[in-house]
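This report describes selected features of one protein model for a reader who is new to structural biology. Please keep the sequence and the structure in view while reading.

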Amino acid sequence: MMIDPLRSYDLIGDVHGCGHSLEALLERLGYRRQGGVWRHPWRMALFVGDIVDRGPRIREALHLVHDMVAAGQALCIMGNHEYNLLGWSTEAPPDSGLQYVREHTARNEHLIHETLTQLANHPGDWRAFLDWFYELPLFIDAGRFRVVHACWDSSLIEPLRQQYPEGLIDESFLKASALPDSFAHQVFERLLRGINMRLPHGMTLTGRDGLVRETFRTKFWADEPQTYGDIVFQPDALPEPVAQMPISRAHRAELPFYDADQPPLFVGHYWRRGQPALIRPNLACLDYSAVMFGKLVAYRLDQETRLDPDKFAWVEVERPEAPHEYSD
Ligand SMILES: [Mn+2]
């Protein structure tokens, strides 16, 4: 990845089709539109993925980010929503018993519905953006900092980078992910969706979005957690009996750990609310639910090796930018 060691980067959280808010944020950060492309005199933007889905200006947001990347003014990694669109559009391997990498179920359609609708009359854009998603790496390791959409799991990133040193995957890797036991499937799930643990005894959770889930999202940085309540990391609380249960040995074994001595890491994905804050001095989540009338958030990184809570910047997302409910 073309990371300039001396450059300052503005890391930007999940846009989810909030094109107006993205322009407002770039303006606030000192970027200006010149020759059709947003630029800063000396800084560069770095998007943590999930440009698409849910919001009202998906095509505009895609053009804006794509054009910045093409002009060398931004970098962008892949989010689970870009992966979903690729999977939806790609036939599964013949021996898989599936038709598409991401099956055409009603639930899967629901999650990408706005993108399909808003691009329906722009088939050229649709093809071009799908091709472009292959140019979005699954992670960036700049040495002095790291970026991944949901979870830095070195037990997967190390073997992945043997195969794809820059984290840029190809169609065969995408196709392989149709099979749930594959390395490719594990990589997309873990890096782009994070850790999703199954609730015990077949229990389910109904989210604020009305979708019923059998799993919940967890931290990958908890230091010696004891109970499920210590590791849950999502807007919806666990049922109290589950929150108090000790973490099973099997679940504990599958928890990666990002310790406090590693380089600063930026993620999106987790639907945070309220005032942007660091998770730890080397860990920042930039997703503050823009598409739920939260904030579109940036972290203004210079040369610091410990992150500074005063370096978040954001815009409030006003209605009616974002009329859609959230869900993964
Ligand atoms: Mn996401």
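How many bridges join strand β14 to β15, and in which sense do the two strands run? Strand β14 (residues 287-288) is joined to β15 by 2 bridges, and the two run antiparallel. The model discussed here is a predicted one.

**Strand β15 and its partners**

Within the pairing of β14 and β15, Tyr-288 stands opposite Lys-295. The two strands form a hairpin with 6 residues between them, and Ser-289 in the turn has a positive phi of about 55°. Strand β15 also pairs with strand β1 (residues 8-12) and with strand β16 (residues 312-316), as the table shows.

| Strand paired with β15 | Sense | Bridges | A residue pair |
|---|---|---|---|
| β1 (residues 8-12) | antiparallel | 4 bridges | Ile-12 and Ala-298 |
| β14 (residues 287-288) | antiparallel | 2 bridges | Tyr-288 and Lys-295 |
| β16 (residues 312-316) | antiparallel | 5 bridges | Ala-313 and Ala-298 |

Ala-298 thus appears twice: Ile-12 stands opposite Ala-298, and Ala-313 in β16 is the bridge partner of Ala-298. Of the 7 residues of strand β15 (residues 295-301), 6 are buried, so the strand is largely enclosed by the rest of the structure.

**Aromatic residues**

The model contains 16 aromatic pairs. In one of them, the ring centres of Trp-132 and Phe-133 lie 6.2 Å apart with the planes at 45°, so this pair is tilted. Trp-132 and Phe-133 are both buried. In another, the ring centres of Phe-145 and Phe-266 are 6.4 Å apart and the planes are at 75°, so this pair is edge-to-face. Phe-145 lies in the loop between β6 (139-141) and β7, whereas Phe-266 belongs to strand β12 (residues 265-267), so the pair ties together parts that are 121 residues apart in sequence.

Are Phe-145 and Phe-266 buried or exposed? Phe-145 has a relative accessible area of 0% and is therefore buried. Phe-266 is likewise buried, with a relative accessible area of 0%. Phe-145 and Phe-266 form one aromatic cluster together with Tyr-9, Tyr-299 and Phe-312.

**The manganese site**

Which residues are the protein donors of the manganese ion? They are Asp-50 (OD), Asn-80 (OD1), His-149 (NE2) and His-269 (ND1), which lie 2.1 to 2.3 Å from the ion. Their spacing in sequence is D-x29-N-x68-H-x119-H. Asp-50 and His-149 link distant parts of the chain, being 99 residues apart. Asp-50 is in the loop between β4 (43-47) and α2 (58-70), and His-149 is in the loop between β7 (146-148) and α6 (154-163). Both Asp-50 and His-149 are buried.

**Two pockets**

The largest pocket holds about 880 Å³ of space. It is lined by 27 residues, of which Arg-102, His-185, Glu-189, Arg-193 and Thr-215 are the closest to its centre. At least two lining residues come from each of α4 (106-119), α8 (183-193), β8 (195-198) and β10 (212-213). By class, this lining comprises 9 nonpolar, 7 polar and 11 charged residues.

The second largest pocket has a volume of about 190 Å³. Among its 13 lining residues, Glu-23, Arg-33, Glu-60, His-63 and Leu-64 lie nearest its centre. The elements α1 (19-28), β3 (37-39) and α2 each supply at least two residues of this lining, and the largest share, 5 residues, comes from α2. The lining of the second largest pocket divides into 4 nonpolar, 4 polar and 5 charged residues.

Methods. Residues numbered from 1 in each chain as written. Predicted model: local features only at pLDDT ≥ 70, side-chain atom pairs only at ≥ 80, totals over all residues. Heavy atoms only, no water. Donors = N, O, S within 2.8 Å, 3.2 Å for Na, K, Ca; no water. Buried < 20%, exposed > 50% of the residue type's maximum accessible area, 1.4 Å probe, protein only. Phe/Tyr/Trp six-rings, centres within 6.5 Å; stacked < 30°, edge-to-face > 60°. Pairing = 2+ DSSP bridges. 1 Å grid on protein atoms, 1.4 Å probe; cavity = no way out; pocket = protein on both sides within 12 Å on 5 of 7 lines; lining within 4 Å. Points joined across faces, edges and corners; volume = space filled by probe spheres on them. Nonpolar A, V, L, I, M, F, W, Y, C, P; charged D, E, K, R; others polar.
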